[in-house]
Amino acid sequence: MNKNYTIKDIAKALNLSPSTVSRALRDSHEISQKTKKLVLDFAKKINYRTNPIALSLKERKSYSIGIIVSEFANNFFSQVIDGVESVANANNYQVVISQTHESAQREEQNIEYFYSRAIDGILISLSAETSDLSYMQSLIDKGYPLVFFDRVPSSLKGHKVISDNRNGSIEAVHYLAKKGKKKIAHLTGSKSLFITNERVKGYKMGLMANGLEYSESLVKHCEYGGLHHQEVEKAVDELLREDIDAVFISGDKLTTGFLQILREKEDFDQDKILVAGFTNSNVVNLFSPKIISVRQSAFEMGKNAVELLIEQINSKEESLSFKTIIVPTVLSKE
C-alpha cells in the first residue's frame, strides 16, 4: 500500500527532529555526513519525494528560474540551457525558458511575466534590439536576482558570464592571415551589442598583429544577427564585390547563413574564400568551404551562470559584489 510520507514521518522513524531531516534532504553543511546518509538512504527506501508546493510556501520561494534567449534553435543557446539544467535540477530548481526572436518588446514582456509569477531569478542574454535597460536596472535596484550571459550589457552592474570574445576573434584572424589571406572581411551582428563590439575589436587587433590594414568596407553588420535571410544576403553580396579571400564571422546564424548563400552561387569559386567563425554547430562541417570554428564552452557558461544566480537567490546580503566570469574559447581547425 502506497503512502505519502512527510518529513515528520521520516523524523519519527529515525528519531530525529523534522528540522534536521529537512536540512539533511537539502544537503545543508550544518548536518553531518553520517546523518545525511542515514536520512537519504531511508528517503530512498520509502521513495520519498519533496513536495515542491509545500516547500515553496514554507521558504517563500518558487524553486523555479527563468532563462531568456533569442531562440531555442540556436546550437549555442541549446547547449547553454543544457548546462543550466544540469545545475538547476541538482538543486531542485525547475527551468522555465522563453525566447525573444531578437525583439526588445518581447524581452521586456518575458522579464515582466517571470517577475510577476514570482520566478526566483532570471538568466538573460540580451536581444539584438535592446537599448533601453531601465526596467532591468529597476529590478537590480530592488535586489531581484538577475544574471546576464553571452550578450551582456556594458552599462549595468550585475553578474555576467561571457566568452573570451576578443581573444577568440584574434586567434581566428591570426589563423586566416597565417594561411596567406590578405583581404579578410568581418560579418557580424548588431552594433548595440557588447559582444559584437568585443569581436570587432578582436578582428581589428588580429589584422594589426599580422600587418594587415583595417577597412570599414570589409565589415558588415546584420542587426538581427542572421535571423533574417535578406539582411545576410545583402551583406554577403556586398562583401563578395570587395573581392575578399577570407571572412571572419561572429555568430552561429550568420555563419550558416553565409555558407548557404555562398552555396547558392553556382558560378562562384567556393574554395576561393577561407571561412572562420564563432559557431557551436557541427552542421557547418557539411558545407564547402570548410570552416575554422571558434567554439564557445556553452555548457560551462550555462553552469557558471546558474550557479551565480542560485548564489544570489540564497544570499542574505542586501548588496552583492558582482562577478564577471570569462570562459575561454577554442579554435577548432578540423
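1. Let's start with Tyr 203. Leaving aside its neighbours within four places in sequence, Tyr 203 is in contact (heavy atoms within 4.5 Å) with Ser 169, Val 173, Ile 184, Ala 185, His 186, Tyr 214, Leu 218, Val 219 and Phe 248.

2. A word on the basis of these points. This is a predicted model, in which local features need pLDDT of at least 70 and side-chain atom pairs count only at pLDDT 80 or more, while totals for chains, interfaces and linings use all residues. Residues are numbered from 1 along each chain as its sequence is written, and side-chain values use heavy atoms, with hydrogens and water left out.

3. Tyr 203 also appears among the residues with the most contacts inside the largest nonpolar core, together with Ile 184, Leu 187, Val 247, Phe 258 and Val 275. This core has 38 residues. A nonpolar core here is a set of buried Ala, Val, Leu, Ile, Met, Phe, Trp, Tyr and Cys residues joined through side-chain atoms within 4.5 Å. At least two residues of the core come from each of α8, β6 (184-188), α9 (194-209), α10 (229-240), β8, α11 (252-264), β9 and β10 (291-296). Helices (H or I, at least four residues) and strands (E, at least two) are DSSP runs, numbered from the N terminus. Another core, of 26 residues, lies apart from the largest one and includes Ile 65, Ile 67, Val 69 and Ala 298.

4. Have a look at Ser 169 too, which lies in helix α8 (residues 165-178). Ser 169 has a relative accessible area of 0% and is therefore buried; buried means under 20%, exposed over 50% and partly exposed in between, with a 1.4 Å probe and protein chains only. Not counting residues up to four places away in sequence, Ser 169 touches Arg 199, Gly 202, Tyr 203, Phe 248 and Phe 278.

5. Now the sheets. One is an open sheet of six strands with mixed pairing, in the order β7-β6-β8-β9-β10-β12. Two strands pair if DSSP finds at least two bridges between them. At the edges are β7 (219-221) and β12 (329-332), each pairing on one side only. Within this sheet, β8 (residues 246-249) and β9 (residues 274-278) pair in the parallel sense over four bridges, and Ala 246 stands opposite Leu 274 in β9.

6. A further open sheet of six strands has parallel pairing and the order β2-β1-β3-β4-β5-β11. Its edge strands, β2 (94-99) and β11 (324-327), have a single partner strand each, so one side of each is left without a neighbour in the sheet. Strands β3 (residues 121-124) and β4 (residues 146-149) run parallel and are joined by three bridges. Ile 124 stands opposite Phe 148 in β4.

7. Finally, the helices at the start of the numbering. α1 and helix α2 (residues 18-25) pack at an angle of about 110°, with their axes 8 Å apart. Axes are lines fitted to C-alpha atoms, for helices over the stretch in contact, and angles run from 0 to 180 degrees between N-to-C directions. That makes α1 roughly perpendicular to α2; angles under 35 degrees count as roughly parallel, over 145 as roughly antiparallel, 65 to 115 as roughly perpendicular and the rest as oblique. Ile 7, Lys 8, Ile 10 and Ala 11 in α1 meet Pro 18, Val 21, Ser 22 and Leu 25 in α2.
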